[in-house]
Amino acid sequence: MDFSWSEDQENFYKKTFEFAKANLNNSLQERESQHIFGRKEWDMCGEFGLLGLCVPEEYSGIGLDAITTAYAVEAFGRGCEDGGLVFSSSAHLFACVMPILEHASEELKRKVIPKLATGKYVGANAITEAEAGSDVFAMKSTAVRRGSEYVINGSKSYVSNGPVADIFLIYAMTNPSHGHLGVTAFVVERDRPGLTIGKPFSKMGLTTSPISPIYMDDLVVPAESIVGREGQGGTIFRESMQWERACLFAGYVGAMHRQLDQVINYAKERKQFRKPLGKNQAISHKIANMKLRLDAAKLLLYRACWLMDQKKDAILEVSLAKVAISEAAIASNLDAIQIFGGNGYMTENGIERGLRDAIPSTIFSGTSEIQRDLIAVRLGL
């Protein structure tokens, strides 16, 4: 098995890391504390290509495969300290852009994908409801066909990018008696009558990634807005989660890499009891564990992405990677705060931000419990 990266992949990683580090961290403390979406930074990400990494060039993307996309997102997360921006960008690409790209009509793709891939549009995925979280297909939102149109009614909760989105990928029941086979996905523009954006939620982490409910009240959309076929929404959503659970979490791998660099430097420079902090075994072992988690997470992640590129069933491997990365991120952030001590607890140093940004990773894109269910099923249990 070849674990090496090509020269092109290495160069793009370096270019992405340097871009993110140089351009995306300005005024972060202000944006983070005030829950401000960095539109300027978003536009720069779009111009660089981060919002269309795995989108073909004919639709204004870069055309990367899954494993190279994940590698670029890792560099993004390593260089950009704004976890909310990394999350918003990834949710936009993997949960909104890719489902449209892979399943929509050519006319619909031509209409929206180039603007999404370049960042002119912000995309949002709207499937979760107040009573349909992990049991996502228990949704109550409905779409009823009337001639050449559909009328959508219902509400969605926890819509990432909702407050700033231009395009929503909305899932609704077109045949409630068919369960997940009765779900259909629709592309809906923000300004379409009948769509209302709710008040943004306030969160403990990922604060620069805006999130809100949305409401559909006799929202009329043309039949041409369907992504895929009627009743195909369940399959489309599951495929999008494969992209998100793999490639989005590469951003957390990058953040863990940046964090490890910070901790090692601090442990070398900070002195306690007349010697560097890292010479204390209790500290060095924590750092060793952080390195162990990081490398294990990387191996699981890139195995899953490799299988995706081979068009093989990767549900087991993607779920393993998602659980490992999310839980490693929390554990390593706790260790980092402990190593930095009081300095790690102060918000101005940005160390505690990593923990707040990591905690939701075990919840979104399918909780750790749901991932373990998927793993158990694949093991024949």
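## Arg-378 and its partner

At 39% relative accessibility, Arg-378 falls in the partly exposed class. In this predicted model, its side chain forms a salt bridge with that of Asp-313, at 2.4 Å from N to O. The two come from distant parts of the chain, 65 residues apart: Arg-378 belongs to helix α13 (residues 368-378), while Asp-313 sits in the loop between α9 (281-309) and α10 (315-340). Asp-313 is partly exposed too, with a relative accessible area of 48%.

## A buried pair

Now for a pair with less solvent around: are Arg-31 and Asp-82 buried or exposed? Both are buried. Their side chains meet in a salt bridge, with 2.6 Å between N and O. Arg-31 is part of helix α2 (residues 28-33) and Asp-82 is in the loop between α4 (66-79) and α5 (83-103), so this contact ties together parts of the chain that are 51 residues apart in sequence.

## A pair within one helix

Asp-43 and Arg-39 make a more local link. Their side chains form a salt bridge at 3.2 Å, N to O. Both residues lie in helix α3 (residues 39-48), and because they are 4 residues apart, about one helical turn separates them. Asp-43 is partly exposed at 36% relative accessible area, and Arg-39 is partly exposed at 31%.

## Charges across the chain

How many salt bridges does the model have? The count comes to 18. Some of the charged residues join up beyond simple pairs: Glu-58, Glu-106, Lys-109 and Arg-110 are linked in a network of salt bridges. As background, side chains of opposite charge can pair when their charged atoms come close.

Taken over the whole protein chain, there are 42 positive and 45 negative charges, and the mean positions of the two sets are 5 Å apart.

## The fold as a whole

Stepping back, the protein chain has 13 helices and 10 strands. Its C-alpha trace spans about 80 × 45 × 40 Å along the principal axes. The radius of gyration is 21 Å, and that agrees with the value near 21 Å for a compact globule because the chain has 381 residues.

Of those 381 residues, 56% are buried. Contacts also reach a long way along the sequence: among those between residues at least 6 apart, 74% join residues at least 24 apart. On the outside, the protein chain exposes about 17000 Å², and carbon and sulfur atoms supply 52% of that area.

Key
Residues are numbered from 1 along each chain as its sequence is written. This is a predicted model: local features need pLDDT of at least 70, side-chain atom pairs count only at pLDDT 80 or more; totals for chains, interfaces and linings use all residues. Side-chain values use heavy atoms; hydrogens and water are left out. The radius of gyration is taken over C-alpha atoms; the globule rule is 2.2 Å times the number of residues to the power 0.38. Buried means under 20% relative accessible area, exposed over 50%, partly exposed in between (1.4 Å probe, protein chains only). Contact means heavy atoms within 4.5 Å. Accessible areas come from the Shrake-Rupley method with a 1.4 Å probe; for residues, only the protein chains shown count as cover. Lys and Arg count as positive and Asp and Glu as negative; His and the chain ends are not counted. The place of a charge is taken as NZ of Lys, CZ of Arg, CG of Asp or CD of Glu. A salt bridge is a side-chain nitrogen of Lys or Arg within 4 Å of a carboxyl oxygen of Asp or Glu.
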